[in-house]
Amino acid sequence: MDSFFSVLDATIRVATPLVLAALAGLFSERSGIVDLALEGKMLAAAFAAACVAYMMQSPWAGLAAGMAAGVMVALLHGIVSIGYNGNQLISGVALNMMVSGLTPVLALAWFQQGGRTPTLDDAARFRSIELPFADTIAASAPLKALFGHNILVYLAVLVIVVVSWVVYKSRFGLRLRAAGENPHAADAAGINVKLVRYLAQVISGALCGVAGAYLVLAQTGAFIQDMTAGKGYLALAALIFGKWRPWAAVSGCLLFAFTDAIQIRLQGSELPLIGSIPDAFIQAIPYVLTVVLLAGFMGRAVAPKAIGVPFVKSR
Amino acid sequence: MAELAIELTGVNKYFGEVHANKNISFAVAKGSIHGIIGENGAGKSTLMSILYGYYQADSGSIRLNGQEVRIRNSHDAIARGIGMVHQHFMLVDTFTVLENIVLGAEQGVALKQSLLAARDHLATLNRDYGLQVDPDAIVGELGVGEQQRVEILKALYRGADVLILDEPTAVLTPQEADDLFRILRLLKAQGKTVLLITHKLREVLDITDAVTVMRAGEIVGNVVTADVGKEDLADLMVGRKVNLQLDKTPAKPGKTVLQVSSLSLTDARGVKLLDDVSFELRAGEIVGIAGVSGNGQSELLEILSGMREASAGSVCYNGTELTTLPTREPKAAAYRRLGIAHVPEDRSREGLVKDFSTFENAILGYHDQPAIQHGLLFNRKAIIERCRRFISEFDVRPANAFRRSGLFSGGNQQKVILAREIDSDPQLMLIGQPTRGVDIGAIEFIHKRLMALRNAGKALLLVSVELDEILALSDRIIVMNAGRVSGELPVAQATATELGLLMGGHK
């Protein structure tokens with residue numbers, strides 16, 4: 001039983017940044033902008049969070065810096081794909097490459113630690129919340145798996161609820177979905193499509209910022225080159241798997257996180273008959289699962305109709 | 001003089017070199033239905049876009065209810081009580097009717113309140129104007145006629161007093177069009193002003209109170225509908241005498257060119273799209289296939305042109321069985337080689353590639369003819385020469401072989417396709433909707449060419465949803481309903497009523 005709860009615990013920890021990034025992607029893609037830049041937004045945020053948290057010795061300052069960095073990258077993506085009607089795929093990939101290259105260079109220049117940032121002290125990280133009955137929690141595996149997390153995990157849960165309300169029940173959500181489905185209809189209804197899309201980018205950047213900051217402030221404690229390791233793409237896959245719906249995308253994230261947690265446990269263990277499997281194969285499981293799920297096991301994904309198409313007023 | 005809802009004075013609009021609207025002045029009486037007619041490119045849409053705030057006039061003034069106004073964007077127009085029903089509906093398919101209506105006119109951050117208020121208001125509007133639209137239906141699942149009513153509701157919900165409809169009947173069946181007109185008359189009775197943009201003369205005569213006729217960016221006539229006839233309007237629109245009546249000599253049918261026997265087509269879900277269709281077509285005659293669209297005519301054309309395989313039955317063309325034709329190339333190409341030309345129903349999807357230059361489209365489907373090859377490459381000069389010949393023979397405007405096909409008007413695109421297909425000297429010509437979205441001048445031209453082809457001894461199979469066209473061109477008429485042939489009669493015995501009954505499957 002204990003191992004089950006430790007897998008659950010790991011699943012939640014791994015899922016949190018994926019969920020945040022997937023919901024970030026949801027805003028962008030529902031507004032009609034393909035968001036391959038999730039990866040870059042997260043990575044830039046992780047780097048900014050690591051630097052600022054280290055210098056100011058505050059996780060909250062780190063979080064704010066991460067969100068700011070995420071928004072900056074998102075706005076670059078916005079300027080290219082909304083302002084200049086550029087190709088959204090290329091913009092996304094280019095930003096990912098730029099951030100991936102720029103962050104270790106800056107880290108090297110500023111900290112001289114081979115492209116890493118210095119490891120953060122406890123004071124500069126988000127720790128598990130110490131509840132009054134902490135001793136009970138530490139003793140009970142099921143409680144620890146559910147309640148022994150840091151504040152960002154609970155923030156992510158709140159974000160899920162808020163996002164699904166915003167997307168389906170708010171004025172902004174209606175306009176967001178209209179912009180992604182038929183921007184010309186939205187335009188004819190007197191809505192500023194470009195503004196809606198820019199706002200979606202800002203929200204996407206901020207959420208990715210939290211996700212990236214989480215990686216540093218709640219997990220590794222330092223920025224490491226390319227530390228997002230495809231999580232942005234994984235989040236995008238979960239979003240598509242969830243057919244661009246918040247709760248379904250979250251369940252996709254949980255599924256990926258769960259296989260990741262299993263994968264960690266499987267590493268180094270001996271399987272009957274086969275013997276030990278090289279770790280590289282086991283580490284590939286979540287990615288293989290992504291491909292299999294997206295290609296085979298889900299119905300046709302119906303994307304927002306106007307996704308990837310720059311909005312140009314035409315009549 | 002009645003009170004005026006709209007008054008335009010000396011409105012001019014330029015797009016670069018093009019003078020799209022020249023000194024436009026006209027007035028629309030409050031509570032009337034006012035038609036604006038003109039051929040494609042006459043400047044009607046530009047003018048309406050100025051009224052709706054999409055464009056700004058370069059000079060001139062607009063008065064609404066006697067007050068001079070500046071309409072800077074669609075938001076402004078809506079606020080001043082102008083509503084627009086676009087030709088291509090501006091609706092979000094995945095939204096409900098209610099969501100579409102509320103979109104852009106919501107109150108407050110949360111939707112709930114707006115949706116509730118809209119639901120009430122909608123019920124009132126539905127009742128007042130007899131629109132009968134279900135607020136919870138998903139728009140994408142509604143028929144075209146209903147979607148149009150959603151557009152009208154949208155405008156009314158925003159408090160429109162002036163409703164602009166851009167070619168509203170282009171996508172409707174005759175019954176749906178009648179229904180629309182009933183709604184427009186109700187709107188008029190309630191004091192709304194309706195501006196109807198169209199190029200269909202019959203509609204203008206049926207429903208409008210006054211008409212403004214435009215040609216080449218100018219107003220060439222402001223008339224009271226009751227004072228004019230169809231011919232007067234056509235002449236005004238085109239700027240010369242138009243002959244709406246076709247000179248038709250008696251047909252001299254020759255040998256049988258096409259023999260279709262018990263043709264059937266069943267789709268993947270098991271629905272019979274074509275059911276035991278049989279007919280024959282002779283050289284030197286035009287057989288028209290009438291029917292409400294979606295009753296198997298499109299599928300029939302697709303099979304006969306080799307784009308689709310029949311499930312059962314035979315097609316015999318000049319003694320060759322086509323359904324089992326042994327060929328390694330695609331069937332459409334093989335049929336073409338045998339002398340079957342095809343002018344597809346959906347011009348922009350199947351007739352040409354919009355992003356190609358006209359000279360490229362001029363050889364589409366005939367691109368492997370030896371005459372235009374030059375070793376491994378195309379003989380560009382020969383292709384362009386051929387295209388120039390098409391352009392001059394078929395009076396394609398503007399006469400530019402290098403212009404992207406998508407930039408031409410529907411009528412000129414159709415002329416290029418027609419030229420290409422006729423040039424291949426076919427024995428059998430399959431034509432779908434030859435004049436859909438084509439203006440009057442071009443219709444006259446296209447009809448004449450088709451008639452000439454028939455007089456030259458070719459066999460023509462004409463599919464059209466326009467009954468007038470079927471009656472004008474055909475020698476024999478086949479009516480289709482639900483994939484079956486519901487009747488066949490010589491044109492002399494055909495009346496619109498008779499055909500209508502057969503089309504509805506009531507006989």
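## Strand pairing in chain B: exercises

In this predicted model, β9(B) and strand β10 (residues 218–224) of chain B are joined by 6 bridges in the antiparallel sense.

**Exercise 1.** Describe the link between β9(B) and β10(B), and name the residue of β10(B) that stands opposite B:Val211.

*Solution.* Begin with the connection: the two strands make a hairpin with 2 residues between them. In the turn, B:Ala216 has a positive phi of about 50°. Then take the pairing: opposite B:Val211 stands B:Val223 of β10(B).

**Exercise 2.** Find how strand β3 of chain B runs relative to β9(B), and how many residues of β9(B) are buried.

*Solution.* Strand β3 (residues 33–37) of chain B is joined to β9(B) by 4 bridges, and the two run parallel. Across this pairing, B:Gly35 stands opposite B:Val211. As for burial, strand β9 (residues 210–215) of chain B has 5 of its 6 residues buried, so that the strand is mostly covered.

**Exercise 3.** Give the strand order of the open sheet that contains β11 and β14 of chain B, and explain why one side of β12 and of β15 has no neighbour in the sheet.

*Solution.* The order of the 4 strands is β12-β11-β14-β15 (chain B), with antiparallel pairing. β12 (272–282) and β15 (320–321) of chain B are at the edges; each has a single partner strand, so one side of each lacks a neighbour in the sheet. Within the sheet, strand β11 (residues 256–266) and strand β14 (residues 312–317) of chain B share 5 bridges. One example is B:Ser261, whose bridge partner in β14(B) is B:Ser314.

**Exercise 4.** Which strands does helix α9 of chain B lie across?

*Solution.* Helix α9 (residues 297–304) of chain B lies across β11, β12 and β14 of chain B. Its direction is at about 60° to β12(B).

Methods:
Residues are numbered from 1 along each chain as its sequence is written. Chains are lettered from A and ligands numbered from 1 in the order in which they are written. This is a predicted model: local features need pLDDT of at least 70, side-chain atom pairs count only at pLDDT 80 or more; totals for chains, interfaces and linings use all residues. Two strands pair if DSSP finds at least two bridges between them. Two residues are in contact if their C-beta atoms, placed from the backbone, lie within 7 Å. Axes are lines fitted to C-alpha atoms, for helices over the stretch in contact, and angles run from 0 to 180 degrees between N-to-C directions. A residue is buried if 20 or more other C-beta atoms lie within 10 Å of its own, exposed if 12 or fewer, and partly exposed in between; C-beta atoms are placed from the backbone.
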